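This report walks through one protein chain for a reader who has not met it before. Please look over the sequence and the model first, then read on.

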Amino acid sequence: MFSHIRTFAGKFLKKKTVKQFIALLAVCGLLMCAQPMSAQNKPAQDTTEITLKADSVADTAAVAEAMLVDDAMLGEDTEEEGGLHKILKSKFIEGSTGFMSLVALALVLGLAFCIERIIYLTLSEINAKKFMADVDAKIEAGDIEGAKQLCRETRGPVASICYQGLLRIHESLDNIERSIVSYGSVQTANLEKGCTWITLFIAVAPSLGFLGTVIGMVMAFDQIQEAGDISTSIVAKGMKVALITTIFGIIVAVILQLFYNFILSKIEHLTSQMEESAISLMDSITKYKEDNHV
């Protein structure tokens, strides 16, 4: 029986169809082996894609975080740029409205007088040496009317006192000197006009600040009495609001004092120019009288 089976198998294996069938089985086996390998490679590719996606998400998050940091830094810069203005505005609001308004009014009015004086004094300044040289030349040449015309066309107190002296050139030297001195005092008073108001606002601004501080302290103690407890928060809040008025009052006084000192320096400069010009004019008039026997 076994011999018949071997004979049948040998005949069957010799046929081409069997060989082809065996080859087909071999190909199927290879495909089946390759499928697990591809299945093993696929998770690796998926893992790589997931890793790449995670990296891109992380990069996006980092960029977003950097943008947020830049925005925060930009916001801080903006706050720093407008910080002083915002602080002054908030502190002004925190203070007592009535007294803070009075302090602000003192600042505005004081600055108005300061600006007016600065403009007036600036327009009053001239090149006194050149002007007196021209006047002396005309007086020496005997052109008194030309000298008067030059004084009328020139602005400022120097030209005014020279004109007053030339009007009395035919009078005695004592009368001419008296006229120049008298008119010089008038011009000095005109230069100093309005300065008393500036000194008033310099004194009033801190006084209003101190008054607001005292009233704020009284109000703070009233709040402590109503609360029935000496709480540090209540005391600190009342003290802060009370002292704000003093701070602003002192700031206003310092600002006005700086402007006032600048105005005084210009007044002193003009006064010295007037004195020097008056001496030069008296010398020219004396020489003119001696030469012309007037």
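## Salt bridges and helix packing

At 2% relative accessibility, Arg-117 is classed as buried. The structure is a predicted model, and its Arg-117 takes part in a salt bridge with the side chain of Glu-116, at 3.0 Å from N to O. Glu-116 has a relative accessibility of 37% and therefore counts as partly exposed. The bridge thus joins a buried residue, Arg-117, to a partly exposed one, Glu-116.

**The chain as a whole**

The chain holds 10 helices and 0 strands. Read from the N terminus, its elements run α-α-α-α-α-α-α-α-α-α. The chain has 294 residues, of which 27% count as buried. Among contacts with a separation of 6 or more, 79% are between residues 24 or more positions apart.

**Salt bridges**

Side chains of opposite charge can pair when their charged atoms come close. In this model the count comes to 4 salt bridges. The table gives three pairs, among them the one described above.

| Pair | N to O distance |
|---|---|
| Glu-116 and Arg-117 | 3.0 Å |
| Glu-125 and Lys-266 | 3.1 Å |
| Asp-134 and Lys-130 | 3.5 Å |

Which parts of the chain does the pair Glu-125 and Lys-266 link? Glu-125 is in the loop between α4 (97-124) and α5, while Lys-266 is in helix α10 (residues 232-292). The two residues are 141 residues apart, and the pair links distant parts of the chain. Glu-125 has a relative accessible area of 25%, so it is partly exposed. Lys-266, at 10% relative accessibility, counts as buried because the cut-off for that class is under 20%. Apart from its neighbours within four places in sequence, Lys-266 is in contact with Ile-118, Leu-121, Thr-122 and Glu-125. Its salt-bridge partner Glu-125 is thus one of the residues in that list.

The pair Asp-134 and Lys-130 lies within one element, helix α5. These two residues are 4 residues apart, about one turn of the helix. An α-helix has 3.6 residues a turn, so residues three or four places apart point the same way. Asp-134 is partly exposed, with 32% relative accessibility.

**Helix α7 and its neighbours**

Helix α5 (residues 128-140) packs with helix α7 (residues 157-167) at an angle of about 15°, and their axes are 11 Å apart. Angles under 35 degrees count as roughly parallel, and α5 and α7 are therefore roughly parallel to each other. The crossing of α5 past α7 is right-handed. On the α5 side the contact is made by Phe-131, Met-132 and Ile-139, and on the α7 side by Val-158, Ala-159, Cys-162 and Leu-166. By class, the residues of this contact are 7 nonpolar, no polar and no charged.

How is α6 placed against α7, roughly parallel or roughly antiparallel? Helix α6 (residues 144-153) and α7 pack at about 150°, with axes 8 Å apart. This angle makes α6 roughly antiparallel to α7, as angles over 145 degrees fall in that class. The crossing of the pair α6 and α7 is left-handed. From α6, the residues Ala-147, Lys-148, Cys-151 and Arg-152 meet Ala-159, Cys-162, Tyr-163, Leu-166 and Leu-167 of α7. This contact of α6 with α7 has 7 nonpolar, no polar and 2 charged residues.

Ala-159, Cys-162 and Leu-166 of α7 appear in the contact with α5 and also in the contact with α6. How many of the residues of α7 are buried? The helix is mostly covered, with 8 of its 11 residues buried. These are Pro-157, Val-158, Ala-159, Ile-161, Cys-162, Gln-164, Gly-165 and Leu-166.

**A pair from distant positions**

Ile-215 belongs to helix α9 (residues 195-227). Its relative accessibility is 34%, so Ile-215 counts as partly exposed. In sequence, Ile-215 and Phe-99 are 116 residues apart; in space, the distance is 9.8 Å from C-alpha to C-alpha.

Note on methods:
Residues are numbered from 1 along each chain as its sequence is written. This is a predicted model: local features need pLDDT of at least 70, side-chain atom pairs count only at pLDDT 80 or more; totals for chains, interfaces and linings use all residues. Side-chain values use heavy atoms; hydrogens and water are left out. Axes are lines fitted to C-alpha atoms, for helices over the stretch in contact, and angles run from 0 to 180 degrees between N-to-C directions. Angles under 35 degrees count as roughly parallel, over 145 as roughly antiparallel, 65 to 115 as roughly perpendicular and the rest as oblique. A crossing is left-handed if the near helix is turned anticlockwise from the far one by less than a right angle, and right-handed if clockwise. Contact means heavy atoms within 4.5 Å. Ala, Val, Leu, Ile, Met, Phe, Trp, Tyr, Cys and Pro count as nonpolar, Asp, Glu, Lys and Arg as charged, and the others, Gly among them, as polar. Buried means under 20% relative accessible area, exposed over 50%, partly exposed in between (1.4 Å probe, protein chains only).
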